[in-house]
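Here are some notes to read alongside the model, written for someone opening it for the first time. Take the points in order and keep the viewer handy.

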Amino acid sequence: MNDLIIVGGGPAGAAAAVYAARKQLKTVLVVGEWGGQSNVSLDIHNWIGTPSISGADLAKALKTHVDQHVGDFLTVMSPATAEKLAVQDDKVIVTTNKPARPGDSGRSGGGDIIESKALLIASGSRRRKLLVPGAAEFDQK
C-alpha cells in the first residue's frame, strides 16, 4: 500500500514528489508530460532563482530533480495518465493508461491499478485556444 499518489509532472507535482520522497512517504508519481503548461513557453522569466529559462529546459530540470529521488520511496510512471479514480473504504484507487507489465496476474492489457492512502492531483491546466482564423499562426508570438 502506497502512502501517496501524485498525478502531474509540472512544478507542483515534481515538488510534491521530491518532498514526499524526502519524508520517506511511499509515493507513486504519474506523469503524462514533464513540465506541464510551461513546456510550451519559449522563455520563462518568473521562475524564482533563474532569470530566464525555456519551458523545455525547465521540464528537463524537473525530471532530473525527481529522478534523483527515485528509489525505495518514490516510483515514477511516465508516460502515463490517470484514467479512473475510485475511493474504497480508507484507500484511493487510481487506474492508469499504462499497460500492465508482463507477469501481472489477473489482467491482460489495460492499465496499472495503484492503491494509496492519499491522492494529490497536480494536473495543472491547459491554455484555451482562440478559435478564430489565423490564431494558430500567431500562437506564442
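**Notes on the model**

1. Let's begin with a loop: Gln24 sits in the one between H1 and S2. Keep in mind that this is a predicted model. Gln24 comes just after H1 and has a positive phi of about 60°, and it is a residue other than glycine. Most residues other than glycine have a negative phi. Is Gln24 buried or exposed? With a relative accessible area of 52%, Gln24 counts as exposed, because the cut-off for exposed is over 50%.

2. A second positive phi turns up at Asp89, where the value is near 55°. Asp89 belongs to the loop between S4 and S5. Its relative accessible area is 74%, so Asp89 is exposed.

3. While you are looking at loops, check the one between S3 and S4, which holds Pro79. The peptide bond leading from Ser78 into Pro79 is cis, and its omega is near -5°. As a reminder, most peptide bonds are trans.

4. Now the sheets. One is an open sheet of four strands in the order S3-S2-S1-S7, and the pairing is parallel. S3 and S7 are its edge strands, each pairing on one side only. On average, neighbouring strands here are turned by 15° against each other, direction ignored.

5. Which residues mark the pairings in that sheet? S1 and S7 are joined in the parallel sense by three bridges, and Val7 has Ile121 in S7 as its bridge partner. S2 (residues 27-30) and S3 (residues 74-77) pair over four bridges, also in the parallel sense. There, Val28 is partnered by Thr75 in S3. Add helix H2 (residues 55-67) to S2 and S3 and you have a right-handed β-α-β unit.

6. H1 is worth a slow look. Its twelve residues reach 17 Å from first C-alpha to last, close to the 16 Å expected at 1.5 Å a residue. H1 lies across S1, S2, S3 and S7, and runs at about 160° to S1. Its buried residues are Gly13, Ala14, Ala16, Ala17, Val18, Ala20 and Ala21. These buried residues pack against S1, S2, H2, S3 and S7 (119-121).

7. What does the largest nonpolar core consist of? It has 18 residues, and those with the most contacts inside it are Ile6, Ala17, Leu29, Trp34, Leu58, Val66 and Leu74. S1 (4-7), H1 (11-22) and H2 each supply at least two residues of this core. The largest share, six residues, comes from H1. In soluble globular proteins, nonpolar side chains tend to be buried together.

8. Trp34 is a handy residue to click on. Setting aside neighbours within four places in sequence, Trp34 is in contact with Gly9, Leu29, Asn39, Ala59, Leu62, Lys63, Val66, Val76 and Ser78. Apart from the largest core lies another one, of nine residues, including Ile5, Met77, Val92 and Ile114.

9. On to the other sheet, an open one of three strands in the order S4-S5-S6, with antiparallel pairing. Its edge strands are S4 (82-88) and S6 (113-116), each pairing on one side only. Neighbouring strands in this sheet are turned by 20° against each other on average, direction ignored. S5 (residues 91-96) is joined to S6 by four bridges.

10. Val94 is placed in S5 and stands opposite Ile114 in S6. Why is Val94 classed as buried? Its relative accessibility is 2%, so Val94 counts as buried, the cut-off being under 20%. Not counting residues up to four places away in sequence, Val94 touches Ile5, Ala82, Lys84, Leu85, Asp112, Ile113, Ile114 and Leu119. For a sense of scale, Val94 and Arg128 are 34 residues apart in sequence and 27 Å apart in space, C-alpha to C-alpha.

11. Finish with Thr96, which is also placed in S5. Thr96 counts as buried because its relative accessibility is 2%. Leaving out residues up to four places away in sequence, Thr96 touches Val30, Met77, Thr81, Ala82, Glu83, Gly111, Asp112 and Ile114.

Methods. Residues numbered from 1 in each chain as written. Predicted model: local features only at pLDDT ≥ 70, side-chain atom pairs only at ≥ 80, totals over all residues. Heavy atoms only, no water. Pairing = 2+ DSSP bridges. Axes fitted to C-alpha atoms, helices over the stretch in contact; angles between N-to-C directions. Right-handed = clockwise from strand over helix to strand, strands pointing away. Core = buried A, V, L, I, M, F, W, Y, C linked by side-chain atoms within 4.5 Å. Buried < 20%, exposed > 50% of the residue type's maximum accessible area, 1.4 Å probe, protein only. Contact = heavy atoms within 4.5 Å. Expected span 1.5 Å × (residues − 1).
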